[in-house]
Structures are given as structure tokens and as C-alpha cells.
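Visitor: Please take one part of this structure and go through it closely. I would like to follow how the helices there are placed against each other, and then what lies around them.

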Amino acid sequence: MVGLKRPEIEMSLEEKDSALRELIAGYGSLIVAYSGGVDSTFLAGVAHEVLGSENAVAITSRSPSVAPEELETASALAVERGWRHLIVDTDEMNDPRYLANDGRRCFFCKTELYTHLDRLAGEIGITKVANGANTDDLGDYRPGMVAAKNFEVVSPLVETGMNKQDIRDLSKKMDLPTWDKPAQPCLSSRIPYGTMVSVEALGRIGKAEKGLRELGFPVVRVRHYGDVGRIEIPLDDFERFEVVRSEASAVVLGAGYEVMELEPKGFKSGGLNAALGELGTRTK
């Protein structure tokens, strides 16, 4: 892990919640990089409760690497909750370093995002920019955290020792609909490192995954191997998948793939990271 160390904090859930709110209050004002996922939604909710919409802003990026329905859902929730919400168009797809898709892809993506958020913070008078990283993120390869450090982006969930389960439990108490939402990283994460990122590939992935979720598979990845769309779902879903295999095939082929495959090992978050050692491109 780069950028942050796991804090040695042993507190109850209520103590962590209190510490988080005290920390956020101390910022005075805050921009939250709000993707609509479990962590950033929780952080945006707490920020608005503590600071109010005058001093808290949730900002979501719009780009081909974000599934359109994710942006729509995030926007709708912000409206429902009365949060101050802005959308920024990020331009990572015009950065050849991002498109090259080596081990630094997330670094360039987050650098693009934080450049916009840093500029907006200055324009609207916000003192801090925060991401939704939590302590469970610290054991994985996260080059985006290097970009966060470069822009002095804070990680209040990490600083108060919150893990993913803490966030889900507190989100449920706040009646946030994301409390049990599956993780949904950017669509580019489905493309193997070393394979160029393209708008066409992202469109295929997004369309295929949306269709598979509509078939009843909320946890799903479609890994992009050229004309092959390889589906990853939890092993527990394999039996049900066989019942709807023909419908699933129609979804994947309809998205633009020529072949559908089912990954026999099942779903694994960050499953493509194993190739990073071979590329030798981890961000230091």
C-alpha cells in the first residue's frame, strides 16, 4: 500500500462515528469525491450533517469510465437528501498515459480528478478535499492514493479507523440505500493491464454488466479480453447462472462481444492485479 498507513485504533463503532464527525467539523468545509459507492456516499452524508450544504459539497466525475447508471443514481440520491452536488467532466480518456493501462492507470485518473477538485475548492472557498478510502483499502494496490497525497487530499475514514463493515453498519443507521451496495469500481478496471483502454471497450463492458445485473447478478464483472467477455460472478451464483445462460449470452453478445465465457474460479475483487508484477509498473 502506498500513501497511508493503517492506524492503530481500537474504538467502538459509536466512538469511531463520533471521532469522524469531530474530525470533519474541524475541517470547516469539505469537498467529498462522491462516486455513489458505499464509502463516499456515507462520507458525503456525514459531511452534510456536520457542516451543512453551505460548507459541504459532493462532487462526482463524469467520464466514459463511469457507468451512466452510477452517475444517475448518485445524482438522484444527492437530490433526495438535499446535498450540495456538482458534476465535473474529467478528461482522462485524452491522456495517453491513462490509456496505456499500465500499473499507473489509477494514478493518472485520480490526478485528473483531484486537479478538478483542487481547482473547485479554491473557486468556491472550500478548505479540504476528501476521498472515501477506508482501512480495508490499505492492504491492496492503490496508486490513486499517491495522487491523493500529492494533492493533500484527506482520508477521514482511514484516519478514524473505519473499515468497510463499519461504514455499512453506520450507513444502515443513517438509512442510506447504499449500505448493502456491492462494490462498483470504474469500468477500466475490467481491462487487463497492458491492454489499451478505449471508449468502445468501456461501452461494451458497461452495457454487458448492466444487462447481467438486470438478470439478477448484482455482483458481476465482465473482464474485457478483446472480443471475449469473461464473466465473473460469485461461485454461489453459478447454479442460477446456468438457468439463464442463454439470456446472459444474449446480453454479452449484444454488448458487442463475439464470445462469452464464465470464469471458473468465480468473482474476485481486484482479480487483474496479479499481472502487475509481470509488468513491473507499480507506482512507488
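Guide: In this predicted model, helices H1 and H2 pack with their axes 9 Å apart and at an angle of about 65°. The crossing of H1 with H2 is right-handed. On the H1 side the residues that meet H2 are Asp17, Leu20, Arg21, Ile24 and Ala25. On the H2 side they are Phe42, Leu43, Val46, Ala47, Glu49, Val50 and Leu51.

Leu20 deserves a separate look. Leu20 belongs to helix H1, which covers residues 13-27. Is Leu20 buried or exposed? Its relative accessible area is 0%, and buried means under 20%, so Leu20 counts as buried. Beyond its close neighbours in sequence, Leu20 touches Phe42, Leu43 and Val46, and also Pro156, Leu157, Thr160 and Met162. Leu20 and Arg104 are 84 residues apart in sequence, and their C-alpha atoms are 30 Å apart in space.

Helix H2, residues 38-51, also packs against helix H8, residues 164-173. Here the axes are 10 Å apart and the angle is about 50°. H2 and H8 are therefore oblique to each other. Their crossing is left-handed. From H2 the contact uses Val38, Asp39 and Phe42, and from H8 it uses Lys164, Ile167, Arg168, Leu170 and Ser171. Phe42 has thus appeared in the contact with H1 and appears again in the contact with H8.

Next come the nonpolar cores. The largest one has 46 residues, and those with the most contacts inside it are Ile31, Leu117, Leu212, Ile231, Ile233 and Phe241. Helix H5, residues 105-124, gives the largest share of this core, eight residues. Another core, of 28 residues, lies apart from it; Tyr27, Tyr34, Met162 and Met174 are among its members. Met162 was already named as one of the residues touched by Leu20. Back in the largest core, Ile233 is in contact with Phe217, Val219, Val220, Phe238, Phe241, Leu262, Gly266 and Phe267, leaving aside its neighbours within four places in sequence.

Helix H11, residues 245-254, shows how one helix can have two sides. Its residues Ala248, Val251 and Val252 are buried. Seen down the axis of H11, the buried residues fall within an arc of 90°, so they line one face of the helix. An α-helix has 3.6 residues a turn, so residues three or four places apart point the same way. The face of H11 turned away from the buried side carries Ser246 and Ala250, which are exposed. The cover over the buried residues of H11 includes helices H9 and H10 and strands S6 and S7. After H11 comes Gly256, with a positive phi near 120°.

Two residues other than glycine also have positive phi. Asn101 has a phi near 60° and lies in the loop between helix H4 and H5. Glu152 has a phi near 55° and lies in the loop between helix H6 and helix H7. How do their surroundings compare with the solvent-accessible cut-offs? Asn101, at 0% relative accessibility, counts as buried, whereas Glu152, with a relative accessible area of 67%, is exposed.

Methods. Residues numbered from 1 in each chain as written. Predicted model: local features only at pLDDT ≥ 70, side-chain atom pairs only at ≥ 80, totals over all residues. Heavy atoms only, no water. Buried < 20%, exposed > 50% of the residue type's maximum accessible area, 1.4 Å probe, protein only. Helix = DSSP H or I, 4+ residues; strand = E, 2+ residues; numbered from the N terminus. Arc of directions from axis to C-beta. Contact = heavy atoms within 4.5 Å. Core = buried A, V, L, I, M, F, W, Y, C linked by side-chain atoms within 4.5 Å. Axes fitted to C-alpha atoms, helices over the stretch in contact; angles between N-to-C directions. Parallel < 35°, antiparallel > 145°, perpendicular 65-115°, else oblique. Left-handed = near helix turned anticlockwise from the far one by under 90°.
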